[in-house]
Amino acid sequence: MARTALVTGGTRGIGKAISVALKAAGYDVAANYAGNDSAAQAFTRETGIKAYKWSVADYDACREGIAAVEAAHGPVDILINNAGITRDAPFHKMTPQQWREVIDTNLTGVFNMTHSVWNGMRDRGFGRIVTISSINGQKGQFAQANYSAAKAGDLGFTKALAQEGARRNITVNAVCPGYIATEMVMAVPEAVREQIIATIPVGRLGEAEEIARCVAFLVSDEAGFITGATLTANGGQYMAG
Ligand code: NDP
């Protein structure tokens with residue numbers, strides 16, 4: 001029977017590409033999203049993948065949502081923590097709400113989701129968890145103290161949990177994308193985007209499918225010896241920046 005994969009924020013952008021790649025690889029995929037129903041409906045029409053609405057920032061909603069996914073698809077073997085938001089502001093203008101929203105979604109959301117599938121994976125002796133962090137969690141970014149803190153936190157979380165999962169055949173890894181051409185990045189003013197591209201050695205933004213292929217590798221049986229790792233895919237930007 002096909003393994004079940006759950007992708008948070010799996011209906012748009014990088015998450016959509018991950019959902020599609022995992023389905024193509026033979027997994028039974030469920031995609032979660034937060035509130036954009038029309039995008040989720042279009043996604044399901046296009047891909048045939050079922051979408052489930054809840055916020056990863058809400059612990060109880062995660063438990064209920066995962067129960068609904070498991071009732072329809074069977075136990076979650078593979079969890080991709082992809083849902084993420086930005087609320088950028090230079091620190092002197094950052095509000096407590098901007099801080100909280102980003103930490104709640106990008107860091108606590110990863111706890112909420114992982115905690116809700118962890119015991120099942122331990123009991124069954126198999127699991128794959130991949131969290132989408134960011135180059136900005138590795139190097140920090142102006143006006144993203146909240147986002148950089150959350151994404152760096154995801155990397156610490158990954159390395160700690162990898163140690164706990166190892167003997168149970170659960171691998172826990174992170175992918176750090178550089179700048180990828182999704183709505184999140186295309187919302188940045190064009191002039192700023194051009195400045196960003198100038199700092200990327202390969203001279204272009206990444207494609208969501210390039211991140212999806214990293215994830216598909218990390219969840220495969222062939223990647224069973226890789227755990228606690230951070231796979232960076234940034235066109236050389238970290239090295240050059
Ligand atoms: P998008 O904004 O294109 O899509 C975000 C997805 O996450 C949507 O499906 C959205 O749902 C969902 N989402 C947002 N908040 C929640 C929530 N509270 N609960 C459940 N789902 C939620 O983002 P990207 O594809 O650009 O980014 C995906 C991930 O990759 C993020 O973690 C981001 O930080 C990370 N990343 C992105 C980079 C980039 O260049 N784009 C670079 C590095 C990292 P809905 O459609 O309902 O709003």
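**Note on the predicted model and its ligand site**

1. The shell around the ligand comprises 14 nonpolar, 14 polar and 2 charged residues. The model under review is a predicted one, and the points below should be read on that basis. Of the 30 residues around the ligand, those that come nearest are R12, G35, Y147, I180 and T182.

2. Three backbone approaches to the ligand deserve mention. At I14, a backbone N or O atom lies 2.8 Å from an oxygen atom of the ligand. For A34, the corresponding separation between a backbone N or O atom and a ligand oxygen atom is 3.0 Å. At G178, a backbone N or O atom is placed 3.5 Å from an oxygen atom of the ligand. As for the extent of cover, the ligand taken alone exposes 900 Å², and the protein buries 93% of that.

3. In which pocket does the ligand sit? The ligand occupies the largest pocket. Two or more residues of the shell around the ligand are given by each of the following elements: helix 1 (13-24), strand 2 (28-33), helix 6 (145-165) and helix 7 (183-186).

4. Two residues call for a check of their backbone geometry. As a general matter, most residues other than glycine have a negative phi. A143, although not a glycine, has a positive phi of about 70°. This residue is placed in the loop between helix 5 (135-139) and helix 6. Is A143 buried or exposed? A143 counts as buried because its relative accessible area is 19%, and the cut-off for buried is under 20%.

5. The second such case is N169, which is not a glycine and yet has a positive phi of about 65°. N169 belongs to the loop between helix 6 and strand 6 (170-177). Its relative accessibility is 38%, so N169 is classed as partly exposed; that class covers values between the 20% limit for buried and the 50% limit for exposed.

6. Q144 is also assigned to the loop between helix 5 and helix 6. With a relative accessibility of 7%, Q144 counts as buried. With which side chain does the side chain of Q144 make a polar contact? The partner is the side chain of N136, and the distance is 2.9 Å.

7. G10 is located in the loop between strand 1 (4-7) and helix 1. The relative accessibility of G10 is 0%, and the residue is therefore counted as buried. G10 and A31 stand 21 residues apart in sequence, while their C-alpha atoms are 4.6 Å apart in space.

8. S220 lies in the loop between helix 9 (208-219) and strand 7 (230-233). This residue is buried, its relative accessible area being 10%. From S220 to V130 the chain separation is 90 residues, and the C-alpha atoms are 11 Å apart.

9. I103 is part of helix 4 (residues 96-124). Because its relative accessibility is 15%, I103 counts as buried. Along the chain, I103 and V7 are 96 residues apart, and their C-alpha atoms are separated by 19 Å.

10. K159 is a residue of helix 6. How is K159 classed at 45% relative accessibility? At that value K159 counts as partly exposed. The pair K159 and G206 is 47 residues apart in sequence and 25 Å apart in space, C-alpha to C-alpha.

11. In summary, the ligand is placed in the largest pocket, and the protein buries 93% of the 900 Å² that the ligand exposes when taken alone. Backbone atoms of I14, A34 and G178 each lie at a stated distance from a ligand oxygen atom. On the backbone, the positive phi of A143 and that of N169 are the points recorded here for the reader's inspection.

Note on methods. Residues numbered from 1 in each chain as written. Predicted model: local features only at pLDDT ≥ 70, side-chain atom pairs only at ≥ 80, totals over all residues. Heavy atoms only, no water. Near = heavy atom within 4 Å. Polar contact = N/O pair within 3.5 Å; in protein donor to acceptor, adjacent residues only side chain to side chain. Areas by Shrake-Rupley, 256 points an atom, 1.4 Å probe, with all protein chains shown as cover. 1 Å grid on protein atoms, 1.4 Å probe; cavity = no way out; pocket = protein on both sides within 12 Å on 5 of 7 lines; lining within 4 Å. Sits in = over half its atoms within 2 Å of the grid points. Helix = DSSP H or I, 4+ residues; strand = E, 2+ residues; numbered from the N terminus. Nonpolar A, V, L, I, M, F, W, Y, C, P; charged D, E, K, R; others polar. Buried < 20%, exposed > 50% of the residue type's maximum accessible area, 1.4 Å probe, protein only.
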